[in-house]
Amino acid sequence: MLLLGCIKEVSDYELAVSLPNGLSAFVPVTQISDAYSKLLTKQVAQGELLEELNSLPDIFSPGTLVRCIVTSIEKRDDGSRSVKLSIDPKKVNKGLSSTALAAGMLLSGSVLSVEDHGYLIDIGVTGTHAFLPHQKAKSYIKAAKKGPELKIGQNLNCLIVEVKNEGRVVCLSIDRSEVAASIATERQNWALSNLLPGLVVKARVQKVAPLGMKVTFLSYFTGIVDFMHMDPEKSMSYSPDQVVKACVLSVHPSSRAVRLTLRPPFLHPGGAPRQLPAQRLGAVLEEATVKAFYKQFGAVFELDDGTLAFARLKHLSKTRKSFKPGAFKEGCKHKCRIIDYSLMDEMCVVSLKRQIIEARFLQYQDIHTGDVVQGKVLCLKPIGMKVKVADGIRGLVPSLHLSDVILKQPEKKYNVGDEVKCRVLECSPGEKKLILTLKKSLVQSKLPVLSSYEDAKPGLITHGFVVCAREFGCIVKFYNDVKGLVPMNELGTEPISCPDKVFYEGQVLKVMVLKCEPQQERLLLSFRLSSKPGPEDKWNCIPKEKQEVKYQIGQIVDVKILKKKDNGLEVSILEDEDNVVAWIPMLHLSDFIAASKLLWHRLQEGDVLPRVMYLSDKGEHIILSRKSAVISAVQEEQVVRSFSEIQPGMLLTGYVRNVMPFGVFVEFPFGVTGLSPKVSMSDKFVTDTKDHFVVGQTVIAKVMSIDEEKQRVLLNLKVSECSSGDSAAESFALLNQYFKELKEIRNLLRRGKKIVREPRNCELVPGRRVHLVVQDVREDGSALFSGSSVTGLTVIATRYHLGDKDITPGQKRKAFVLHVDALTSEVYVSLREELLKQRPKRVSMRSVFGFMSFCLS
């Protein structure tokens, strides 16, 4: 089928073409002409750009009319159809022969080559050579503004000026005034087999009907003009036998159907249809007036600016069942949204569907980099996942961006039809290119979106993802293909010799901009987000005169608290005549974070702490520790005193020195330090390292590998990898130590001088039974209680620990104490029967592990 179309959009790989009746189609780059295809093939074979090969945007312009032939109709994944066209003269003009050519004919041609006196034109007629003199192309070249001369592959609307040697040679003109004055006549011997769209003819009205009219032209041709292609200003004045000027829109040889248009812009060959102002597309109109309703097609509306618009039947209501024809009588008003513009019909296309009127995105231009969008999975391909964001808007999630980690089998996580929440990495409306990410770290990020080098101001902190880790550092990418370098000295507070062992492709990290040169598109970054001293630096900020240290690592001493500070205790070592001053960081008061904070809260200046271990001497500062696990490791010689003693597979007890986005640095007694990369930190997936570890936390680490040359150690902190064998015994020993420290703190409270809370707070211990009254049941399913034994305390039972019975305010219940938080005065209890039925001094293993999980969380 031959059609007249209007170029709507031009990209490097295809032309988007508007067709009559609101249809759209595409011309692939391989369907321009034979000469253009040969240049493409040559360029691919040579692997370098050819000077004579111009891109489609250099040759074609939106708004240009072109003759097309349908080459294929394909069904998309979503059920819609994709129409492919060709503008190759050999296919469009295949019905013409050299003997049929006559002066005055108008037909399509394509530039074949540039010669001294003009151009050789491919008109697709076998045995015919067509020539276009420079003189006949001057005005066209000047108006087209595509350069000083025509380019190979450029499509032209050609007028035959002269035919020589029985059609073997023809002379052409593309002069705009000559082409515009051309009218097809009977003398040119047009036949149905070679009748071309775009021909302007004189037609006689044969019959006028509500949906259009029937006309005759060129003596024996019959054609149809539908209601959308009558002249809007004359649509009510047409009558039989009236002679009108018309343009052929389409020719269907098999059905012998010819359609024409009477719209003014098409009545001069080479004309251009009116364009819709860009700001109108997507506009929501509160009142559009019905001008006409066609029960088989749709309705025509008059918009607020007086222009006409068309809505297809499927866009008049949500479903066919909800459609009410009576609502579309002439004069009725409706709310609608402009969803498209048909260049060939010079008419807006509107929709009355609520979901389209309220839709956030209607076209690629509505989407901005950094937007969070909802999409539906269309299909999974090796390169990634195709996602439908809205009707006509599709995006690609590259394989690297399907998750925070690389998925080897994405089909196990995603299914066709799944709803997914994505973030826009890149959007190019002209190319209809939309790149998305499903990485939760990026989708949920609240940090600024870095989408241009101009936005990269020094000090800016944002999220990026690693695309390369090499010996020079890491390349980190952001939005809109903005990327920068994190050099080796900015990878962390500790030296990292092998970035490829610490960082991986696709890893999302926080980075800080150090320097940017927008014109050179150069960006210098750092993983060290702040130069401010961290908690471990504060340990070293205690002023103290330089003194000779006479203690050995592992030595146990008693100390007296001199000064209490927010991050630790300044103490003096007892029984030392030199009054040596030392420092105990708060999180070194215990192996357990909760116990450390509670003990720090209860201790006062002047209190004595026994059995504290000398840990290290940081030059001018003595660091002490009360961590029982670290003390035991030193006393039992389960430590390494130098790097040379470290072996892969060792289990070592240490404490977290620094938490970075890419991993955790762990320090051991005697100063050996190792790094646990993010992928080796936990058996669970780690999004943010700070959610799993804090500075000062006691850990057991397994040595993964060592680099003797660089003196570097890589560690594994996964619980599943860091057990010596009897995990149950280790868990009970850990729990026993926790309870032992809580008991010590309770004893301190009982004998202490400044007890802030009531004594009964100290009597409430895990395992005790108490009688309570239900005060309130909260929205999350948990409940609050009161009672004489818990006066002044907040008593909570989570939804799980309420058991299977319903409770209401005012009820009396017996409860089992799970945990007492002395700092917040909160008591956690359980109403579950399996706990209440047990003997007071005997708790089941399941209950113990449940309590452990509760404490650790």
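**A predicted model, residue by residue**

Trainee: Starting with His315: is it buried or exposed?
Mentor: His315 counts as buried, because its relative accessibility is 11%, and the cut-off for buried is under 20%. Keep in mind that this is a predicted model.

Trainee: Where is the place of His315?
Mentor: In a loop. Strand E18 (308-312) comes before that loop, and strand E19 (333-342) comes after.

Trainee: And what does His315 touch?
Mentor: Leave out residues up to four places away in sequence. Then His315 touches Ile339, Val350, Ser351, Leu352, Lys353 and Ile356.

Trainee: New topic. How is the protein divided into domains?
Mentor: There are entries for domain 1 (278-358), domain 2 (364-444) and domain 3 (453-526). Then come domain 4 (555-626), domain 5 (633-725) and domain 6 (768-853).

Trainee: How many Å separate the centres of domain 3 and domain 6?
Mentor: The answer is 49 Å, with the centres taken over C-alpha atoms.

Trainee: Which residues does the UniProt annotation "domain: S1 motif" cover?
Mentor: The unreviewed UniProt entry gives residues 1-88, 104-175, 198-263, 370-439, 459-528, 554-627 and 649-718.

Trainee: Take residues 104-175. How many Å apart do the end C-alpha atoms lie?
Mentor: They lie 13 Å apart. That span is 10% helix and 47% strand.

Trainee: What about residues 459-528?
Mentor: There the end C-alpha atoms lie 11 Å apart. The span is 6% helix and 50% strand.

Trainee: Switching to cysteines. How many disulfides does the count come to?
Mentor: Zero. The rule asks for two cysteine sulfur atoms within 2.5 Å.

Trainee: Why is there no bond for Cys6?
Mentor: The closest cysteine sulfur is in Cys68. It is 9.8 Å from the sulfur of Cys6, so that is too far for a bond. Cys6 counts as buried, because its relative accessibility is 0%.

Trainee: And why none for Cys468?
Mentor: Its closest cysteine sulfur is in Cys474, at 7.6 Å, so again too far for a bond.

Trainee: Is Cys468 buried or exposed?
Mentor: Buried. Its relative accessible area is 18%, and the cut-off is under 20%.

Trainee: Last one: where is Ser82 found?
Mentor: In strand E5, residues 81-86. Ser82 counts as buried, because its relative accessibility is 9%.

Trainee: How many Å apart in space are Ser82 and Lys164?
Mentor: They are 42 Å apart, C-alpha to C-alpha. In sequence, Ser82 and Lys164 are 82 residues apart.

Terms used: Residues are numbered from 1 along each chain as its sequence is written. This is a predicted model: local features need pLDDT of at least 70, side-chain atom pairs count only at pLDDT 80 or more; totals for chains, interfaces and linings use all residues. Side-chain values use heavy atoms; hydrogens and water are left out. UniProt positions are given in the numbering used here, feature names are shortened, and annotations may be inferred rather than shown by experiment. Helices (H or I, at least four residues) and strands (E, at least two) are DSSP runs, numbered from the N terminus. Buried means under 20% relative accessible area, exposed over 50%, partly exposed in between (1.4 Å probe, protein chains only). Contact means heavy atoms within 4.5 Å. Domain bounds come from an automatic or database domain assignment.
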